[in-house]
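User: I've got a model open and some of the labels puzzle me. Could we go through how they were assigned?

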Amino acid sequence: MSVTISKKMCMIGDFGVGKTSLIRRFVDRQFSDQYLSTVGVKISRKSVELEDVKQRENVTAQLLIWDLEGHTKFKGIAPTYLQGASGVLIVADVSRSETIERISEHIQLYSSVNPKGVIIIALNKVDLVDEEKLALLVEIAHSTSQDKVVAVYTTSAKTGKDVDEIFHKLAYTMVEQA
């Protein structure tokens with residue numbers, strides 16, 4: 001028997017890290033080099049088929065993906081948008097180290113609103129850095145990520161690397177914890 005469970009998840013991170021591009025790659029299977037700044041919040045929807053969730057046969061997770069604006073002036077209203085989210089993808093840009101340094105701030109912000117929420121980190125734009133630098137950044141992300149983070153992925157909206165994986169892992173973990 002198939003069950004459908006609706007889950008709200010958010011995408012947070014600094015501006016220009018690729019939140020919208022990751023969503024477009026996942027939902028529409030598209031990538032564009034043109035940068036369009038998200039104003040406020042944009043909500044996308046996608047269903048994900050999950051297997052072996054809590055001994056049930058088939059579960060469909062209906063994801064409501066909230067793409068939150070990445071500008072600092074936005075911090076005041078962010079908690080309102082984060083309310084009711086079962087999970088979050090915190091996105092950083094591996095070509096801009098300051099976005100990685102701010103991961104812990106994003107974790108704190110999200111956790112203050114959703115203490116039981118699932119957190120996954122996406123180190124995005126891996127197509128722009130070499131393996132050596134990437135290994136170092138992954139290490140830094142792991143060290144700042146505390147015990148609240150389920151996983152750290154290296155992603156590329158451009159090549160599609162690990163894009164489906166981050167959304168599937170988040171969906172699965174959110175449904176498992178429900």
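User: Why does Trp66 count as buried?

Analyst: First off, this is a predicted model. Trp66 has 18% relative accessibility, and buried means under 20%, so Trp66 counts as buried.

User: And what makes Tyr81 partly exposed?

Analyst: Tyr81 comes out at 23% relative accessibility. Partly exposed is what lies between the 20% and 50% cut-offs, so that is the label Tyr81 gets.

User: How many aromatic pairs are there?

Analyst: The count comes to two aromatic pairs. In one of them, the ring centres of Phe26 and Phe167 are 4.1 Å apart.

User: Why is the pair of Phe26 and Phe167 called stacked?

Analyst: Their planes are at 5°. Planes under 30 degrees apart count as stacked, so the label fits Phe26 and Phe167. This pair links distant parts of the chain, with Phe26 in helix α1 and Phe167 in helix α6, 141 residues apart. Between their C-alpha atoms there are 7.9 Å.

User: Are Phe26 and Phe167 buried or exposed?

Analyst: Both are buried. For Phe167 the relative accessibility is 0%, and the limit for buried is under 20%, so Phe167 counts as buried.

User: What makes the pair of Trp66 and Tyr81 tilted?

Analyst: Here the planes are at 55°. Stacked needs under 30 degrees and edge-to-face over 60, so the pair of Trp66 and Tyr81 is tilted. The ring centres are 6.0 Å apart, and the rule asks for centres within 6.5 Å. Trp66 lies in strand β3 and Tyr81 in helix α2, so the pair ties together parts that are 15 residues apart in sequence.

User: How do you know that the charged end of Lys46 sits over the ring of Phe26?

Analyst: The charged end of Lys46 is 4.9 Å from the centre of the Phe26 ring. The distance has to be within 6 Å, and the charge must also be within 35 degrees of the ring normal. The charged end of Lys46 is listed as sitting over that ring. Arg96 does this too: its charged end sits over the ring of Phe15, 5.4 Å from the centre.

User: What is the phi of Arg29, and where is Arg29 found?

Analyst: Arg29 has a positive phi of about 60° although it is not a glycine. Most residues other than glycine have a negative phi. Arg29 is found in the loop between α1 and β2. With 46% relative accessibility, Arg29 counts as partly exposed.

User: What about Lys125?

Analyst: Lys125 also isn't a glycine, and its phi is positive at about 70°. You'll find Lys125 in the loop between β5 and α5. Its relative accessibility is 22%; partly exposed runs between 20% and 50%, so Lys125 counts as partly exposed.

User: How do you know that the length of helix α6 agrees with what it should span?

Analyst: Helix α6 has 15 residues, and at 1.5 Å a residue they should span 21 Å. The end C-alpha atoms are 22 Å apart, which agrees.

User: Which residues of α6 are buried?

Analyst: They are Val163, Ile166, Phe167, Leu170, Ala171, Thr173, Met174 and Val175.

User: Why is Leu50 called buried?

Analyst: Leu50, in strand β2, has a relative accessible area of 5%. The cut-off is under 20%, so Leu50 is buried. Leu50 and Tyr172 are 122 residues apart in sequence, with their C-alpha atoms 6.6 Å apart in space.

User: And Ser111, why is that one buried?

Analyst: Ser111 has a relative accessible area of 10%, and under 20% means buried, so the label holds for Ser111. Ser111 is found in helix α4.

User: What makes up the lining of the largest pocket?

Analyst: The largest pocket is lined by 27 residues, and those nearest its centre are Gly18, Ser21, Ser32, Gln34 and Tyr35. By class, the lining has eight nonpolar, 11 polar and eight charged residues. α1 gives the most, with four residues. Both α1 and β3 supply at least two residues each. The space in the largest pocket is about 550 Å³.

Methods:
Residues numbered from 1 in each chain as written. Predicted model: local features only at pLDDT ≥ 70, side-chain atom pairs only at ≥ 80, totals over all residues. Heavy atoms only, no water. 1 Å grid on protein atoms, 1.4 Å probe; cavity = no way out; pocket = protein on both sides within 12 Å on 5 of 7 lines; lining within 4 Å. Points joined across faces, edges and corners; volume = space filled by probe spheres on them. Nonpolar A, V, L, I, M, F, W, Y, C, P; charged D, E, K, R; others polar. Buried < 20%, exposed > 50% of the residue type's maximum accessible area, 1.4 Å probe, protein only. Expected span 1.5 Å × (residues − 1).
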